[in-house]
2 protein chains.
Amino acid sequence: MTNSGEITAGKILEAARQLIMRRGYSGFSYADISDAIDIRKASIHHHFPTKTDLAIAVVRQHREMFDTDLLTLQASGADALTQLRAYVGYWERCIADDSAPFCVAGMLGAELPALPDEVAQEVRAYFENFDKWLEEVLASGAKSKQLKLRGTAKSEAKLLVSLIYGAMLAARAYGNAELFKDVANDAIAQLSRP
Amino acid sequence: MTNSGEITAGKILEAARQLIMRRGYSGFSYADISDAIDIRKASIHHHFPTKTDLAIAVVRQHREMFDTDLLTLQASGADALTQLRAYVGYWERCIADDSAPFCVAGMLGAELPALPDEVAQEVRAYFENFDKWLEEVLASGAKSKQLKLRGTAKSEAKLLVSLIYGAMLAARAYGNAELFKDVANDAIAQLSRP
DNA sequence: CTTATCCTACCAACTAGTAGGATGGCAAAG
DNA sequence: CTTTGCCATCCTACTAGTTGGTAGGATAAG
């Protein structure tokens, strides 16, 4: 082995993640990754035989990162508001410094009808996972009276998912990173009791 | 002329709009349009020399439709709530019957960093136009005390844009057309006085 | 005659993916 | 310790198909 495959696979995943966030699934090619990191196209196919495999790996990695960060915080017993702020704060920073201007699952979600079935399935799984966490956090916050919900935890979760992903889209469309921060914080402020 | 160019150009625009809504700018090709309507690829280039030209025309047409429908309703003196409901109701129906499952500008907005500059500019113009209308409607509703805003008309407009486009994305990601209806109506209900 | 429309027949560049060979680490056999 | 063979990694070179776009001709309406 001239180099650890783990490292190379990681670099490929990171490059693919950046490309999907910015250009979408049909907007990037193996040649783009080849240009971004120092590797030949055929070597990418060695690690991820097809584009479908690569996209699935990117989404799965993103979900695992979410799980280790936020499901862990949840398990540690942090209160609902802290958890919500941790999640939103993450995206605020990523969008502000342009290190991750869009959730990879959100981008693929928009492209859903154009994706290979297996990728689409993985994207839906990401949203289910996110939705489940959000619902639990909202329900626990409502139970402890830290949060006031207008509807059920289920409906409020759907509303927040829409708002968060919509704010990402709007921030991009208006070329204004502040927009995400303003909208998301507004939504959280409204959930927390006065 | 074997056929009226106006009609052909219209059919091309409609096919392109459908394709962009479902697959995005980089997800469709001239061949897709050629398959959708009965025309050769080269003939599409006669009406829209480049893909950039075609995308610009699609967005511009969509904005013009918006203007004739909603700026006209506004000019006719309809109250704020009626205008908001007309806008949201339009998308509710389009998403429910799958005739327009996503706003073409929203899809392109997500892809913005991957678009040719001229197309990106047109997309931004669409959002500016939409934003301006929404802000005016909200301000007029607040003035007449028909609507209660939590912040300024400006900030509330940004929040609503996020919510609406996010709800489109979420409806697609969850494969649930009802979601858009629920989220959007919730938002409007909250704006209208009790 | 001019012009708009639409066509067949191209093109160079790019797409995802394959074939097969070079390198080199590592482990078992001697 | 050394040799042998294996296998992961990465490469060059290639493929068949698709991409956006062009050249130039046929048809027909004004």
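Helices (H or I, at least four residues) and strands (E, at least two) are DSSP runs, numbered from the N terminus. With that in hand, here are some friendly notes on the model.

This is a predicted model, in which local features need pLDDT of at least 70, side-chain atom pairs count only at pLDDT 80 or more, and totals for chains, interfaces and linings use all residues. Residues are numbered from 1 along each chain as its sequence is written, chains are lettered from A and ligands numbered from 1 in the order in which they are written, and side-chain values use heavy atoms, with hydrogens and water left out.

1. **A loop residue to look at.** Asp98(A) sits in the loop between helix H5 (80-96) and H6 of chain A. Its phi is positive, about 60 degrees, although Asp98(A) is not a glycine. Most residues other than glycine have a negative phi. Asp98(A) is partly exposed, with a relative accessible area of 41%; here buried means under 20% relative accessible area, exposed over 50%, and partly exposed in between (1.4 Å probe, protein chains only).

2. **What Asp98(A) pairs with.** The side chain of Asp98(A) meets that of Arg22(A) in a salt bridge, at 3.1 Å from N to O. The term stands for a side-chain nitrogen of Lys or Arg within 4 Å of a carboxyl oxygen of Asp or Glu. This pair links distant parts of the chain, since Arg22(A) belongs to helix H1 of chain A and is 76 residues apart from Asp98(A). Arg22(A) is partly exposed too, at 23% relative accessibility.

3. **A second positive phi, in chain B.** Lys145(B) is not a glycine, yet has a positive phi of about 65 degrees. You will find Lys145(B) in the loop between helix H7 (117-143) and helix H8 (153-173) of chain B. With 59% relative accessibility, Lys145(B) counts as exposed.

4. **Other salt bridges.** Over all chains, the structure holds 16 salt bridges. One of them joins Arg150(A) to Glu156(A), with the closest N and O atoms 2.4 Å apart. Arg150(A) is partly exposed at 39% relative accessibility, whereas Glu156(A) is buried at 3%. In chain B, Lys154(B) bridges to Glu135(B), the closest N and O atoms being 3.3 Å apart. Lys154(B) lies in helix H8 of chain B and Glu135(B) in helix H7 of chain B, so the pair ties together parts that are 19 residues apart in sequence. Lys154(B) itself is exposed, at 53% relative accessible area. Salt bridges that share partners also join Arg60(A), Arg63(A) and Glu122(A) into one network.

5. **The interface of chains A and B.** Each side brings 34 residues to the contact, where contact means heavy atoms within 4.5 Å. About 3100 Å² is buried between the two chains, with carbon and sulfur atoms giving 68% of that area; buried area is the accessible area (1.4 Å probe) that two parts lose on being put together, summed over both. Ala110(A), Leu169(A) and Tyr174(A) supply 20% of the area that chain A buries against chain B, more than any other three residues. The rule finds zero salt bridges across this interface, but there are six residue pairs in polar contact (both at pLDDT 80 or more). A polar contact is a pair of N or O atoms within 3.5 Å; within protein, one must be able to donate a hydrogen and the other to accept it, and residues adjacent in sequence count only if both atoms are side-chain atoms.

6. **Ala110(A) at that interface.** Ala110(A) is found in helix H6 of chain A and is buried, with a relative accessible area of 1%. Leaving aside neighbours within four places in sequence, Ala110(A) is in contact with Met107(B), Leu169(B) and Arg172(B).

7. **DNA strand D.** There are 20 residues around this strand, and Arg40(A), Ser43(A), His47(A), Ser29(B) and Lys51(B) come nearest; a residue is near a molecule or strand if one of its heavy atoms lies within 4 Å of it. H3(A) gives the largest share of this surface, four residues. Of the strand's atoms within 4 Å of the protein, 65% belong to sugar or phosphate and the rest to bases. Phosphate oxygens of strand D lie 3.2 Å from a polar backbone atom of Phe28(B), 3.0 Å from one of Tyr30(B) and 2.6 Å from a backbone N or O atom of Lys51(B).
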